[in-house]
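Here are my notes on the structure, set out as numbered points so that each can be checked against the coordinates.

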Amino acid sequence: MGETQEKFFDVAVIGGGPAGIMAAGRAAELGAKVVLIEKNRSLGKKLLMTGGGRCNISQAEFNDKKFVEKLGKKGQFLLSALSVFGPEETVKFFEEKGLRTKTERGKRIFPASDNARDVLDVLLEYLKKNKVKLSLGQEIAGFNAKKGKIESVKLKNGEISARSFVLCTGGKSYPKTGSTGDGYEWAREMGHKIINPAPALAPIETEENWVKDVQGLSLKNVGVALFQNNKKQDSRFGEMLFTHFGLSGPIILDLSKKIGELLAAGEVILKIDLKPALDILTLDKRLQRDFKGNRNFKNYLPELLPQKLCDLVARFAEISPDKKLNSITKEERKKLIGALKGLKLTAKRSVGFSRAIVTSGGVDLKEIDSKTMRSKIISNLFFAGEIIDLDGPTGGYNLQICWSTGHAAGTNANRQISAIV
Ligand SMILES: Cc1cc2nc3c(=O)[nH]c(=O)nc-3n(C[C@H](O)[C@H](O)[C@H](O)COP(=O)(O)OP(=O)(O)OC[C@H]3O[C@@H](n4cnc5c(N)ncnc54)[C@H](O)[C@@H]3O)c2cc1C
């Protein structure tokens with residue numbers, strides 16, 4: 001693959017994340033002479049962190065309409081790119097290149113090896129096979145554009161010229177991976193409107209410090225409901241995680257946007273239902289059945305809860321750990337049910353860009369052609385990935401946005417140069 005000193009290309013792709021790699025590989029596969037420019041010394045730094053190092057490549061939702069519904073009102077924008085290169089084509093792309101995949105609960109697609117490195121290796125091989133030139137450790141400083149057309153990208157020393165340019169610099173979240181939002185500024189300078197970038201899918205800091213005592217505990221089948229002024233606002237069922245500062249994990253991340261909106265209006269209470277499969281009546285019957293012998297309460301609780309939560313729940317239920325089961329009162333049982341069905345926490349704030357999984361906002365969709373990813377303002381500029389004002393929930397949606405838009409941008413950046421030649 002090798003690093004390049006060349007200065008003239010058909011297509012220059014800026015940003016070596018999943019979207020940029022897909023766009024570069026695709027344009028080169030179609031015959032273009034392509035350079036991929038990345039400021040880190042290696043490609044796909046963020047990709048390696050995805051899915052807790054396992055990389056949730058995509059979402060096995062093969063109905064395009066259903067897929068885009070999950071992206072909210074703006075989702076329609078993706079329909080065209082998705083119909084050409086959607087989850088099915090993505091899985092085929094990786095499988096054909098030797099990466100076996102598997103689908104887990106929630107239709108989440110992962111590499112069978114559970115290793116994000118294997119996903120990146122397939123992508124690097126794709127670039128190598130199609131002779132994409134790499135320019136690594138190369139921080140782009142901006143563009144030379146004239147009369148609605150880019151002539152070259154400015155490097156610290158010199159510049160690179162190309163017929164088409166694909167901007168894939170990502171969002172602003174996890175800036176230590178290189179995603180520092182540079183592309184937004186260049187797009188703005190070239191006349192694009194940028195919808196305010198904001199952290200999305202972010203962990204939540206809580207007022208309560210007791211979360212520290214249970215940090216690292218992951219709960220698989222729980223319900224979380226949001227309340228404001230005693231009114232239920234939203235809820236999710238699935239997996240969550242306690243951290244040293246609050247809460248994280250898929251269902252918390254998916255609720256984080258809503259929590260942020262609600263916080264602007266006042267206090268937000270989260271209630272965790274640790275026993276969502278049992279309604280209050282059924283749970284009460286089970287407890288009445290169980291509270292018969294003279295075992296200590298503390299010896300019984302692990303049958304009901306993960307060990308790490310036992311002390312905490314006993315404290316909230318105000319039942320002494322040494323109390324005999326058969327002496328627990330109806331009032332105490334009621335409190336215990338309250339703690340089990342509605343463990344209460346107060347949201348303080350979302351942790352922001354430093355730990356947000358994605359950035360919402362970005363280049364305004366109205367100014368990008370949804371079939372080709374081409375800018376409606378700069379004739380030889382294309383966009384792909386998180387830089388576009390489009391984001392989805394957890395579950396592989398965000399990487400699929402990268403694969404679909406990267407594929408469309410690469411295909412059409414090449415078409416554009418074929419039309420010129
Ligand atoms: C911890 C974590 C876990 C995640 N897990 C998942 C998951 O399992 N599934 C999923 O679907 N999504 C996941 N995501 C989201 C997903 O990783 C992103 O949506 C995706 O990486 C965006 O890809 P991109 O190519 O648009 O941008 P990025 O991956 O952000 O890549 C942009 C690249 O551009 C480069 N760049 C920026 N500025 C310049 C410049 N001035 N000059 C040159 N290069 C520059 C950056 O260094 C970077 O390498 C996760 C995100 C995080 C942070």
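1. Is the crossing of helix 1 and helix 5 left-handed or right-handed? In this model, which is predicted rather than experimental, the crossing of helix 1 with helix 5 is left-handed. The residues that make the contact are I21, A24 and G25 on the side of helix 1, and L123, Y126 and L127 on the side of helix 5. By residue class, the contact of these two helices comprises five nonpolar residues and one polar residue, with no charged residue taking part.

2. The geometry of that helix pair can be stated in a little more detail. Helix 1, which covers residues 18-29, packs with helix 5, which covers residues 116-129, at an angle of about 30°, and their axes lie 8 Å apart. Since angles under 35 degrees count as roughly parallel, helix 1 and helix 5 are therefore roughly parallel to each other.

3. As to the chain as a whole, the protein chain contains twelve helices and 18 strands. The C-alpha trace spans about 85 × 45 × 40 Å along its principal axes, and of the 421 residues in the chain, 45% are buried. Among the contacts with a separation of 6 or more, 73% are between residues 24 or more positions apart.

4. One sheet that deserves a look is an open one made of three strands, which follow the order 3-5-4 with antiparallel pairing. Strand 3 (58-59) and strand 4 (101-104) are at the edges and have a single partner strand each, so one side of each is left without a neighbour in the sheet.

5. Within that sheet, the pairing between strand 3 and strand 5 (residues 108-111) is antiparallel and rests on two bridges. For anyone who wishes to check the register, Q59 has R108 in strand 5 as its bridge partner.

6. A further strand pair involves strand 10, residues 194-200, which runs antiparallel to strand 17 and is joined to it by five bridges. Here the register can be followed from A198, which stands opposite S360 of strand 17.

7. How many residues of strand 17 are buried? Strand 17, which spans residues 358-363, has six of its six residues buried, and is accordingly described as mostly covered. S360, the residue of strand 17 that lies opposite A198, falls within this stretch of residues 358-363, and the strand as a whole takes part in the antiparallel pairing with strand 10.

Key:
Residues are numbered from 1 along each chain as its sequence is written. This is a predicted model: local features need pLDDT of at least 70, side-chain atom pairs count only at pLDDT 80 or more; totals for chains, interfaces and linings use all residues. A residue is buried if 20 or more other C-beta atoms lie within 10 Å of its own, exposed if 12 or fewer, and partly exposed in between; C-beta atoms are placed from the backbone. Helices (H or I, at least four residues) and strands (E, at least two) are DSSP runs, numbered from the N terminus. Two strands pair if DSSP finds at least two bridges between them. Axes are lines fitted to C-alpha atoms, for helices over the stretch in contact, and angles run from 0 to 180 degrees between N-to-C directions. Angles under 35 degrees count as roughly parallel, over 145 as roughly antiparallel, 65 to 115 as roughly perpendicular and the rest as oblique. A crossing is left-handed if the near helix is turned anticlockwise from the far one by less than a right angle, and right-handed if clockwise. Two residues are in contact if their C-beta atoms, placed from the backbone, lie within 7 Å. Ala, Val, Leu, Ile, Met, Phe, Trp, Tyr, Cys and Pro count as nonpolar, Asp, Glu, Lys and Arg as charged, and the others, Gly among them, as polar.
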